[in-house]
Amino acid sequence: MSSIIYIKKPDGFSEATNDVDYSLEINENSNFEAILTTAYKSDDEAITAEFSMVEDFGQASFFNLDKTTGSLSFKENPDYESGNNLDNEYSVKIKATHNSGETAESIIKIVVKNLEDENDFSLTLNKPLKDEYQEGETINIGGYLTNFSDNHRYIYWKLDGADIDRFDFRDKTAEGSSKIRHAPSGEKYINIPGFADLGIGTIAKDFKTEGDETFKIKFYSDSERTNLIGTSGISKIIDSSIDDISTKAIYTLENPYENIVRGLTYEFVLRRTKTDHIISSYGIYKPFGHTGRYMIDYFYMEEGQSEYSFEFTPVIDPSSLPYYLNETNTESVDLFNFISDPNFDLDNSVVSTSWNVIDFQYQSNTQYSLLEIKDYDGNLHANNNASEEVTSSYKYQGFLDMNADGIKEAIFTNQKSGRWATASLNLNTGLPEYSQHGEGGITRIVGIYIDPLVQSGDVIEGSDFDSQRRFQNDLNKDNLTVKASGDYDDDGFQEVYWKTNDGSAYLRALMHADGNIQYANYQSESQMRNYLTSNGSESVISEIV
C-alpha cells in the first residue's frame, strides 16, 4: 500500500503526487514554511514518517528541513535580483521514510516573485553624450548610481529618438544592459572611470542619404524597462552620406540559374566593387537546407577580396525541413542583413536572388527510361541494338559523388543488361547530361573491368570467384543497393560501397579519376568493418550496413 507526500495547508492537503512538482509562489525577501506530511492513498489518514532532502537534486543547499516535524523553509530570504541564476525558481526533492521502511518522494518548487524596490534610484552621467556623432563613430558613456540596492547587478538601457532604429547601428541593436561595478570609494558605477566605458554601439556608416538624426538613451532598473532611472541628453548623428558617393561599395549576387532542382548542388557568387573593408557573418539561412542549422556557409570576405563563393544542396523531400521553414519563405537568398561593410550601398546593390523550384523527378527503387545513355565510346546502352526492355529498365539507386569533385551523380542499375550507369544532371532541368559520356564526362554506362586475380592467374575467368562475373550476376538478379562513396584509404581514388540485398556480402568498387571503374571486390561484413576501421573511416559503417 503506497503513500505520497502532501503539503499540509489550512484548507486541507495539497494535490502533490509522487514525481510531480508542487509549486509555491512567494514574494522576494520573504520566507515561507511548508509543513509536509504523508498519507496512504487508500484512506488519506496521516501516518508517521521521517523526512529528508535528496541532496543531489535541485537547490537543496538553500533549504532547511526539520526531519521530524516536516517543516521546510529557506535558510535565507531570497532576493529576486541576486537569485540563483535559475530564473528565481528553487526545486527540492523530499523523501519520506516510514516506520515500516516504505519510502516516498515528491518535488517541491518555490517560485520567487519580483517586487519593485523602494529605493529612490538615480543615475548621474559623469561621461555624458557628445552633442554630435559621425557615422562610424562609437558611442561610449559612463556614470554613477545612488540609492541602488546592493542586490541589483545590472541596469538596462534602450535608444530612443527621431527616425532612429537598430539598423542605424553596426551591430543592429538598440538596447542592452550593463553590469553595475563598485569603485574603490564604494560608489556604484555603470563603468569604472579609467577601466571601461559603457559601449552603446557603433553608428553604421551606411552612406544612405537619411539626413541628420537625433537620439537619447533611457536607463532602467529592470529588464522589462518599466522603471526609468535616468535619461541622457539629446545628441545628433551627422549623415556623412550627403554629397559623398565615392566610397560606396556595391554588392551583387550572381544567380546563373533560372530554376533549381531539389537534390542538386548550386553555387552562387557574391561580388563587390570596393574591397577596402573586411566583412563577416556567422552565416546565412540556407533555402531547403538539409543539415545543421540550415545555413549556406560562414560568411567572410577579406580586405582586397572582390568575390566570395558559396553553395547549397536543396533537399529532395521538403517534409524533412523543420516546422518553422516552408517553401513560401525559402525560395530566395537575401544577404542584406549579413553584410557588415560600413560602405555598403543598399540602393545600388543586388544582394538577393530567387528561382523556380523543380521537384527531383527520380524516386528510389523505380525504373526509368534513359533513352540516350551511352558508354565511354558512345554506344547506346553499351549496345546499339539494345531492346526497349533494356532502355526502360534503369532503376534509380540514389545520389553519390563518383569522381570526388564534390558534386553528386545519379546512379542507376539495369537488371536486363547487367550494367550500371552514372549521370551528371543538368542544374536547370534535373535531366541527365547525355553528351558527357567520353573523356571528362561522367554520364555513361560504367565500363567492364578484368578482375586483377584473373590477370594474375589466381582466379579462372568467368568462374564464381571472378568478381566481374559475380558483379554482373548480382546486377542481373537486382541484388545490389548502392550505399556510400568516398576515398576511404586516401589513395586519391573514389570507392563505392554496395550491399547485396540478400545480406550475404558487400561490394567495394574502386573508381578511376574520371568516374569509370578500375575493379571491384566482395567483402564479408567483418572484412568491410575491418577495412574501414583500419583506414579511420569507421563512421561510414553505419551508412553501409
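Start at Asp-375. Its side chain reaches the backbone nitrogen of Asp-377, at 3.1 Å. Keep in mind that this is a predicted model. Where does Asp-375 sit? In the loop between β31, residues 367-368, and α1, residues 388-391.

Now its surroundings. Asp-375 is buried, yet it has no salt bridge. Which side chain of opposite charge is nearest to Asp-375? That is Arg-419, 5.7 Å away. A salt bridge would need a side-chain nitrogen within 4 Å of a carboxyl oxygen, so Arg-419 does not count as a partner. Beyond four places in sequence, Asp-375 touches Ala-382, His-437, Arg-444 and Ile-445.

Two of those names lead to a sheet. Arg-444 and Ile-445 are contacts of Asp-375, and β35 spans residues 444-445. The sheet is open and has 5 strands, in the order β31-β32-β33-β34-β35, with antiparallel pairing. β31 and β35 stand at the edges with a single partner strand each, so one side of each has no neighbour in the sheet. At the β35 end, the partner is β34, residues 419-423. Those two strands pair in the antiparallel sense over 2 bridges. Ala-421 stands opposite Ile-445 there. And recall that Ile-445 is also touched by Asp-375.

Next stop, Ser-235. It is found in strand β21, residues 235-238. Buried or exposed? Ser-235 is buried, because its relative accessibility is 2%, and the cut-off for buried is under 20%. A polar atom of the Ser-235 side chain lies 2.6 Å from the backbone oxygen of Lys-130. Lys-130 is also among the contacts of Ser-235 that are more than four places away in sequence. The others are Leu-129, Asp-131, Glu-132, Tyr-133, Glu-213, Thr-214 and Phe-215.

That list makes sense once you look at the pairing. A general reminder: strands of a sheet pair through backbone hydrogen bonds, either parallel or antiparallel. How does β12 pair with β21? β12, residues 132-134, pairs with β21 in the parallel sense, over 3 bridges. Glu-132 stands opposite Lys-236 in β21. β19, residues 213-220, pairs with β21 in the antiparallel sense, also over 3 bridges. The bridge partner of Glu-213 in β21 is Ile-237.

On to the helices. Take α3, residues 467-476. Its buried residues are Ser-467, Gln-468, Phe-471, Asp-474 and Leu-475. They cover an arc of only 125° around the axis, which puts them on the same side of α3. What do they pack against? Strands β33, β34, β36, β37, β38 and β39. Note that β33 and β34 also belong to the open sheet from earlier.

Look at both ends of α3. Asp-466 caps the N-terminal end, with a side-chain oxygen 3.1 Å from the backbone nitrogen of Gln-468. Just after the helix, Asp-478 takes a positive phi of about 50°.

Now α4, residues 525-534. Which residues are buried in α4? Met-528, Tyr-531 and Leu-532. Their arc is only 90° around the axis, which puts them on the same side of α4. The cover over these residues includes β37, β38, β39 and α5. On the face turned away from the buried side, α4 carries the exposed residues Asn-530 and Ser-534. After α4 comes Gly-536, with a positive phi near 75°.

Put the two helices side by side. The buried residues of α3 pack against β37, β38 and β39, among others. The cover of α4 includes β37, β38 and β39 as well.

Two more backbone points. Asn-365 is not a glycine, yet its phi is positive, about 60°. Asn-365 is found in the loop between β30, residues 356-358, and β31. It is exposed, with a relative accessible area of 55%. Asp-490 is not a glycine either, and its phi is positive, about 55°. Asp-490 lies in the loop between β36, residues 480-486, and β37, residues 495-500. It is exposed too, with a relative accessible area of 65%.

Last, the whole chain. How many helices and strands does the protein chain have? 5 helices and 39 strands. Of its 545 residues, 44% count as buried. Among contacts with a separation of 6 or more, 60% join residues 24 or more positions apart.

Note on methods
Residues numbered from 1 in each chain as written. Predicted model: local features only at pLDDT ≥ 70, side-chain atom pairs only at ≥ 80, totals over all residues. Heavy atoms only, no water. Helix = DSSP H or I, 4+ residues; strand = E, 2+ residues; numbered from the N terminus. Buried < 20%, exposed > 50% of the residue type's maximum accessible area, 1.4 Å probe, protein only. Lys, Arg positive; Asp, Glu negative; His and termini not counted. Polar contact = N/O pair within 3.5 Å; in protein donor to acceptor, adjacent residues only side chain to side chain. Contact = heavy atoms within 4.5 Å. Arc of directions from axis to C-beta. Pairing = 2+ DSSP bridges.
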